[in-house]
Amino acid sequence: MNKILWPILLALTLSACGTTGSTPATVEDRTGDKAATTAAKPAGTDTTGVSGADVSASALPAGDPRKDPASPLSKRSVHFDFDSFVVKDEYRPMLEAHAGYLLSKRDARVILQGNADDRGSREYNLALGQKRAEAVRKVLSVLGVSDAQMEAISFGEEKPRNPASTEEAYAENRRTDVVYGDE
Amino acid sequence: MLRAVLLFPLVCLALLSAPFSARAAMEIEVVGGAASQIAVAMVPFQAAPGQPAPALTEIAGNDLERSGQFRRVDVGGAQQPFSPAQVNYEVWRGRSADALVIGQVTALPGRRFDVRFYLLDAVKRTQLAAFSYNISASQWRATAHQIADIVHEKLTGIPGAFSSRIAYVQKQGKRYELRVADADGQNPRTVVRSSEPVISPRFSPDGARVLYVSFEDRKPVVYVQSLQDGGRRKVAAFKGSNSAPAWAPDGKRLAVVLTRDEASQIYLINADGSGLARLTRGGNIDTEPVFSRDGKTLYFTSDRGGSAQIYQMPAGGGEPRRVSFSGSYNVSPAVSPDGRYLAYINREEGRFRVVLHELASGQIRVLTDTARDESPSFAPNGQAVLYATVQGGRGILGTVSVDGKTRARLSESGVDAREPAWGP
């Protein structure tokens with residue numbers, strides 16, 4: 001990792017501290033019958049198509065290395081063992097590639113979306129998914145990526161890639177997806 | 001043992017809740033009952049022309065039966081009194097009725113009705129209660145629930161919870177709706193529609209607002225919404241995930257779970273989004289906070305001891321103390337209104353079931369016999385627990401009496417219901 005980048009990353013981290021969205025906002029009233037007559041959804045409420053596997057190539061400029069199947073940047077999912085939050089070694093090259101990309105493009109932002117299987121409490125599973133997202137965030141952080149470029153969030157059990165109730169499906173859903181802000 | 005299957009016809013519901021465009025009604029199935037039930041004769045009230053259906057005694061009778069504390073006496077074939085002077089107590093004692101509900105409905109101008117009802121002790125031959133209501137047709141079901149509440153309180157000494165409401169999330173295809181309905185699942189009203197998941201609804205202590213977690217912003221964000229005008233705002237939308245909201249009993253302060261500083265920690269925040277204060281520390285999971293009714297204690301789920309367990313701590317901050325010890329997975333605590341019990345989900349041999357934990361003795365009673373229970377919450381009178389479970393691959397809601405003896409399932413065909421919360 002290029003040590004010259006460190007002061008820049010630190011500055012980025014500090015400057016971003018005040019920008020997390022904590023201001024309460026009044027949004028569109030979608031209650032009851034009014035919602036029934038409103039066909040259009042507010043922008044940004046439909047996240048289908050943003051999970052790593054579903055992003056269409058046309059959404060990004062041609063030649064984007066993140067879309068090149070030969071590039072480790074096209075790999076977006078980190079899977080976890082049952083009840084585990086350890087990022088396995090096999091994901092090292094992929095995460096190093098993403099760290100390199102983020103260090104080279106300081107305006108790039110990445111969302112780390114943690115997921116859990118659907119057994120047990122939804123809120124507890126949200127926390128488990130968060131732990132998986134944080135595990136990936138910490139790896140990227142150690143690789144030099146600024147906190148300001150990353151946000152670790154969780155979908156818990158709410159957005160399963162595989163909705164079946166099988167061990168295979170559970171394993172598929174215990175994962176963190178790396179999703180870029182412009183995707 | 002199947003005691004009764006109660007079906008509410010769709011037609012009647014559509015008539016009553018036309019303004020809310022309810023498309024379907026929940027079916028209710030009651031199983032079991034307390035060992036000694038009070039026998040009540042629900043004598044159909046003298047009807048008025050044009051009165052809504054089903055009859056008040058039918059709605060109230062279903063309420064009472066669902067509690068498990070009552071059984072209905074057959075009223076067919078007997079002379080049916082409408083006022084106390086007409087009652088022949090010999091007849092009703094002959095049918096082993098402990099109590100008698102009688103009354104009359106009179107039509108008033110403007111599609112209003114005068115409802116009079118009497119609760120009579122069939123053994124002592126005394127009047128226990130007499131009420132009259134001047135109601136509009138839209139207050140029909142609410143009036144029936146009030147009658148059931150009065151009967152429950154006069155005969156058991158404990159107020160009924162039939163006039164309370166529940167909130168839940170229903171999923172149809174990829175559509176999510178946060179709904180508020182009567183405690184019997186009827187009169188559903190959609191308060192949020194979204195193409196993204198909604199979880200963890202919580203009624204404010206006065207029932208006027210609801211907190212929930214919505215994923216419409218591509219991550220979990222906590223919202224508060226007025227049930228009167230539908231106005232809503234973000235309470236917690238910090239960097240990372242925002243979830244597991246809980247009202248303090250004063251209705252002003254909330255507990256929420258944020259990940260802005262490190263993995264899932266509990267914070268306090270005002271309902272207007274101001275005054276954030278961190279409550280728990282450490283890199284472990286702390287989530288699902290819930291206040292005791294006096295507001296002094298917080299119960300929550302944590303994996304700080306190596307497995308998911310229930311802990312308690314002073315709401316003003318302090319050292320957490322472990323509460324649950326049985327098994328390796330205890331989550332989603334709810335506190336009874338009198339503060340003596342917790343209901344939570346316990347996993348044993350791969351089954352997730354609702355348990356009742358008496359705090360003073362540490363005694364635990366398994367309340368359900370299903371395998372995928374979630375999200376328990378107490379009735380306002382503490383006599384039953386509402387929860388979500390899975391049946392035939394589909395999410396349904398259920399209630400169980402705190403003695404574990406009476407269970408009722410509320411389900412709507414073709415709909416996946418989850419995340420229930422019992423409100424005032």
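Two strands count as paired if DSSP finds at least two bridges between them. Helices (H or I, at least four residues) and strands (E, at least two) are DSSP runs numbered from the N terminus.

The structure is a predicted model, in which local features need pLDDT of at least 70, side-chain atom pairs count only at pLDDT 80 or more, and totals for chains, interfaces and linings use all residues. Residues are numbered from 1 along each chain as its sequence is written, and chains are lettered from A and ligands numbered from 1 in the order in which they are written.

**Exercise 1.** Describe the pairing of strands β3 and β5 of chain B, and place both in their sheet.

*Solution.* Step 1. Strand β3 (residues 38-42) of chain B runs parallel to strand β5 (residues 99-108) of chain B, and three bridges join the two. Within this sheet region, A41(B) stands opposite L100(B) in β5(B).

Step 2. Both strands belong to an open sheet of five strands with mixed pairing, in the order β4-β3-β5-β6-β7 (chain B). At its edges are β4 (70-72) and β7 (126-136) of chain B, each of which pairs on one side only. Neighbouring strands of the sheet are turned by 25° against each other on average, direction ignored; axes are lines fitted to C-alpha atoms, for helices over the stretch in contact, and angles run from 0 to 180 degrees between N-to-C directions.

**Exercise 2.** Identify what helices α2 and α4 of chain B touch on the sheet.

*Solution.* Step 1. Contact requires C-beta atoms, placed from the backbone, to lie within 7 Å. Helix α2 (residues 56-67) of chain B touches β3, β4, β5 and β6 (112-121) of chain B, and its direction makes about 140° with that of β4(B).

Step 2. Helix α4 (residues 140-156) of chain B packs on the sheet through β3, β5, β6 and β7 of chain B; the angle between its direction and that of β7(B) is about 165°.

**Exercise 3.** State how domain 1 and domain 2 of chain B are arranged and what forms their contact.

*Solution.* Step 1. Chain B is divided into domain 1 (37-156) and domain 2 (165-422), with bounds from an automatic or database domain assignment. Their C-alpha centres lie 36 Å apart.

Step 2. Seven residues from domain 1 of chain B and ten residues from domain 2 of chain B make the contact. On the domain 1 side, α2 and α4 of chain B are the elements that give two or more residues, and α2(B) gives the most, with four residues.

Step 3. That side holds no nonpolar, four polar and three charged residues. Here Ala, Val, Leu, Ile, Met, Phe, Trp, Tyr, Cys and Pro count as nonpolar, Asp, Glu, Lys and Arg as charged, and the others, Gly among them, as polar.

**Exercise 4.** Is I269(B) buried or exposed, and which residues does it contact?

*Solution.* Step 1. A residue is buried if 20 or more other C-beta atoms lie within 10 Å of its own, exposed if 12 or fewer, and partly exposed in between. I269(B) counts as buried because it has 22 C-beta neighbours inside 10 Å.

Step 2. I269(B) is found in strand β17 (residues 265-270) of chain B. Leaving aside neighbours within four places in sequence, I269(B) is in contact with V235(B), A236(B), L254(B), V256(B), G275(B) and L276(B).

Step 3. R253(B) is 16 residues from I269(B) in sequence, and their C-alpha atoms are 5.8 Å apart in space.

How values were computed:
Contact = placed C-beta atoms within 7 Å.
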